[in-house]
Amino acid sequence: MDGEGRKTEIHISVRNLVEFVLREGDIDNRRGAMPENAMQEGGRIHRMIQKRMGADYRAEVPLKYGYETDAYTIVLEGRADGIFTGTGETVEPSVTVDEIKGTYRELAKMKGAVPVHLAQAKCYAYIYAKQKGLGSIRVRMTYCNMDTEEIRYFHSSYTSGELEEWFMGVMEQYRRWADFETEWKKRRQKSAKKLQFPFAYREGQKDLVTYVYRTIYHGRKLFIEAPTGVGKTISTVFPAVKSMGEGRGDRIFYLTAKTITRTVAEEAFALLREQGLEFKTVMLTAKDKICFMEETECNPEYCPYAKGHYDRVNDAIYDLLTHSDNFGRDAVEEYGRKHRVCPFEMCLDVSLFADGIICDYNYLFDPHVYLKRFFGDGSRGDFLFLVDEAHNLVDRGREMYSAVMCKEDFLKLKKTMKGLDSNMERQLEKCNRELLTLKRECETYRIEEYTAPFVMALQRLCSTLERYLEEHEKPDAFHTKEIRSQVLEFYFEVTHFLDIYERVDENYVVYSEMREDGSFILKLFCVNPSKNLSECMKKGRSTILFSATLLPIRYYKELLGAEEGDYEVYAQSVFDAGRRALFVGGDVTSKY
């Protein structure tokens, strides 16, 4: 129960539930290169299949189920891709839940539905059968190859009793996590309400704390220009924690561009814990820095931590959660070695149970790196974003939402693939020719108004790259590990470019350039990242952006996605202005 006697609700999507509880096996990036549900293309496939169905087919059916316990309710939510209420078939039962998955796999080689996909469909089937009082129900797994649009079905039938027994087993497995989360949040809220500011307030610091608290209360953004010495970190972290204690926010994301400022944030949370706060924090570390192996090669044949990772990781997480509140790099590495799991993937999973997440800007703003656990599928939550050194976010935003393709890279890969894949050679040469056409018109720089022929050629190449990676998961005498790595790296560059191309609008400049080294590039340059950054910040309740160098503040507000009603404040320096001096060194040349 919460403080007002109401039952606590724990919300989780059907997909997140089954992917967390029922996952098993190895980490294998050889398969991970092809996204199971490439978001945009997958959406098109879903709509295409749904439109082909008859009048008895309802698409995107919202479903919700409350699993009651004495202390709380688990609210399970999701959307069934489709439900047939009359299939036109003579077999019973007559109701079928349809789950659609777009894939790049060769469908003929599939022996059956992917277990976690089928589990998702079975959850929807159980909820629908329960709501409608059905004695039995069918499930249809629909797989569509996103390249060829070939479709393959896998059917199964269940009695309501069979589904209920299976579903309750899944929920029982999730209970230990829900029990832990419920009990922990009670302790967190109680301690946050009692928490006092850990220092005597400096001049103006209490006002700054108040501004942050009020901004979170109203669910807005606040832009703070605060000189060095004001105590920006504790002055933003403390009111954010207090807001959570009042029920205005469920998780803090402390976002920064530098490792040193992440350490300062970690120390601020540690200080508040010393004052009695019960609060779990995790610092996300880049994969290449935290990996136990010499090379970051995430497959079971190379890495013993990848082999069987998903069979062991939930026990590792629970062990860490129940023995520590600070999931820094040392703690994650210790428990990763203890349970023989990948420390990077474990760290990401632990973030689901952390109250505060300290990480790079990328984990919220980068379209390819963002935390899909929290921000995927257009979802939003009761999150509080604290953006440190916010002036850095302008250039980082431009970088994250820009993309470039280099003509010479196509020729380099074509040379590598000579005699190995004639289709890929042709596709690479087609892209090269389209860039050559643009190159002939460019002397130094040139604004490009029409790039559609190149983009169409690039899209065809992308499908070819995907098919190659699918067919050559394991190296052989001809298709070596080095060749596959080169194809994979180029595939990521191509998919990034195509994703950014879909975002191009009036905030972008598309241009070609002859570089000094003789290479030729086509760039999608995001001049004004405000729209993209703003959309990311809308995934939370409130954002506090602060820096010692946020002047002119109107300029930064415009480029960082400020909206009407957002606030700005200038914090006064705590240092005595009478002791300030300006020194000019006249003996240092500034000639370039």
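Visitor: Let's start with Phe 410. Which residues is Phe 410 in contact with, leaving aside its neighbours within four places in sequence?

Guide: Keep in mind that this is a predicted model. Here Phe 410 is in contact with Met 405, Leu 428, Cys 431, Asn 432, Leu 435, Phe 454, Leu 458, Leu 461 and Phe 490.

Visitor: And which members of the largest nonpolar core touch the most other members?

Guide: That would be Phe 410, Phe 454 and Leu 458, out of 137 residues in that core. Two of the names should ring a bell: Phe 454 and Leu 458 are also among the contacts of Phe 410. There is a second core as well, separate from this one, with 33 residues, including Leu 222, Ala 226, Val 237 and Val 241.

Visitor: On to cysteines. How many disulfides does a search of the whole structure find?

Guide: First the general idea: a disulfide is a covalent bond between the sulfur atoms of two cysteines. In this model the search comes back with zero.

Visitor: Why is there no bond for Cys 406?

Guide: Check the distance to the closest cysteine sulfur. For Cys 406 that sulfur belongs to Cys 442 and lies 13 Å away, so it is too far for a bond. To count as a disulfide, the pair would have to be within 2.5 Å. Cys 406 also counts as buried, at 13% relative accessibility.

Visitor: What about Cys 462: buried or exposed?

Guide: Buried, with a relative accessible area of 7%. The closest cysteine sulfur to that of Cys 462 is in Cys 431, and because they are 10 Å apart, that is too far for a bond.

Visitor: Now the strands. In what order do the four strands of the open sheet come?

Guide: Read across the sheet and you get S13-S16-S15-S14, with antiparallel pairing. At the edges sit strand S13 (403-406) and strand S14 (445-447), each pairing on one side only. From one strand to the next, the twist averages 20°.

Visitor: How many bridges join S14 to strand S15?

Guide: Three, and S14 and S15 (residues 508-514) run antiparallel. To look at one pair up close, pick Tyr 445: its bridge partner in S15 is Glu 513.

Visitor: Last one: where is Gly 204 found?

Guide: In the loop between helix H5 (160-194) and helix H6 (205-218). With 39% relative accessibility, Gly 204 counts as partly exposed. If you want a ruler across the model, the C-alpha atoms of Gly 204 and Glu 493 are separated by 48 Å, and the two residues are 289 residues apart along the chain.

Technical notes: Residues are numbered from 1 along each chain as its sequence is written. This is a predicted model: local features need pLDDT of at least 70, side-chain atom pairs count only at pLDDT 80 or more; totals for chains, interfaces and linings use all residues. Side-chain values use heavy atoms; hydrogens and water are left out. A nonpolar core is a set of buried Ala, Val, Leu, Ile, Met, Phe, Trp, Tyr and Cys residues joined through side-chain atoms within 4.5 Å. Buried means under 20% relative accessible area, exposed over 50%, partly exposed in between (1.4 Å probe, protein chains only). Contact means heavy atoms within 4.5 Å. Two strands pair if DSSP finds at least two bridges between them. Helices (H or I, at least four residues) and strands (E, at least two) are DSSP runs, numbered from the N terminus. Axes are lines fitted to C-alpha atoms, for helices over the stretch in contact, and angles run from 0 to 180 degrees between N-to-C directions.
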